[in-house]
Amino acid sequence: MDRFFDNYIMTPMQKIVSDRIRVAENRDRQGVAEARETLDTAYRWLNDAMTEREWATGGAFSLADCAAAPALFYADWAHPIGKALSCVHGYRRRLIARPSFARAVDEARPYRPLFPLGAPSRD
């Protein structure tokens, strides 16, 4: 599962974000569209996988959840998770509520304006 989050959530999210940093004439519209499709597919797959799970590998917090937290946090900013994907939204909320991750999110608030896509006021 940690590879899933790195390869199918974080990597396409980074494609979308890094494309925004490029000068306009060098942007990769097709690559960004493909990254968005990958995220949509990954979100749907994860929603099904999380149907009866609290954490990525089952009932206990694991390394996979450590990979999931930043990946889902920023991916939802770059390409929002569909409203119908309630299991993914619930999992993301549980990750953000973990004390160690909540602290990291809070301490990073002053740096949100540096996020290339703009940071939402939520989270």
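Helices are DSSP runs of H or I with at least four residues, numbered from the N terminus. In this predicted model, R92 is placed in helix α4, a segment covering residues 86-97. R92 counts as buried because its relative accessible area is 6%, below the 20% limit. Leaving out residues up to four places away in sequence, R92 touches L72, F73, D76, W77, I81, R122 and D123. With D123 there is also a polar contact between the two side chains, at 2.8 Å.

Two residues touched by R92, D76 and R122, are themselves paired: their side chains form a salt bridge with an N to O distance of 2.9 Å. This pair connects distant parts of the chain, as D76 belongs to helix α3 and R122 to the segment after α5 (99-108), with their positions 46 residues apart. The two partners are set apart by accessibility: D76 is buried, with a relative accessible area of 4%, whereas R122 is partly exposed at 35%. Through salt bridges with shared partners, D76, R92, R122 and D123 form one network.

In total, 10 salt bridges are counted in the model. Others involve the start of the chain. R3 is bridged to D2, with 3.9 Å from N to O, and to D6, where the closest N and O atoms are 2.0 Å apart. R3 and D6 both lie in helix α1 and are separated by about one helical turn, because they are 3 residues apart. In general, an α-helix has 3.6 residues a turn, so residues three or four places apart point the same way. The residues of these bridges are partly exposed: R3 has a relative accessibility of 47%, D2 a relative accessible area of 26%, and D6 a relative accessibility of 26%.

D65, in helix α3 (residues 63-78), presents a contrasting case. D65 is buried yet forms no salt bridge. The nearest side chain of opposite charge belongs to R98 and is 7.3 Å away, which is beyond the 4 Å allowed for a salt bridge. Apart from neighbours within four places in sequence, D65 is in contact with W55, A56, A60, Y91 and L95.

Helix α2 comprises 21 residues, 29-49. At 1.5 Å a residue, a span of 30 Å is expected, and the end C-alpha atoms are indeed 30 Å apart, so the two values agree. The buried residues of α2 are G31, V32, A35, L39, A42, Y43, L46, N47 and A49. These residues lie on the same side of α2, because the arc they cover around the axis is only 150°. Elements covering them include α1, α3 and α4. On the face of α2 turned away from the buried side are the exposed residues R29, Q30, E37 and D48.

Helix α1 extends over residues 2-21 and contains S18. With a relative accessible area of 33%, S18 is partly exposed, since this category lies between the limits of 20% and 50%. S18 and V88 are 70 residues apart along the chain, and a distance of 24 Å separates their C-alpha atoms.

Definitions and conventions:
Residues numbered from 1 in each chain as written. Predicted model: local features only at pLDDT ≥ 70, side-chain atom pairs only at ≥ 80, totals over all residues. Heavy atoms only, no water. Helix = DSSP H or I, 4+ residues; strand = E, 2+ residues; numbered from the N terminus. Buried < 20%, exposed > 50% of the residue type's maximum accessible area, 1.4 Å probe, protein only. Lys, Arg positive; Asp, Glu negative; His and termini not counted. Contact = heavy atoms within 4.5 Å. Expected span 1.5 Å × (residues − 1). Arc of directions from axis to C-beta. Polar contact = N/O pair within 3.5 Å; in protein donor to acceptor, adjacent residues only side chain to side chain.
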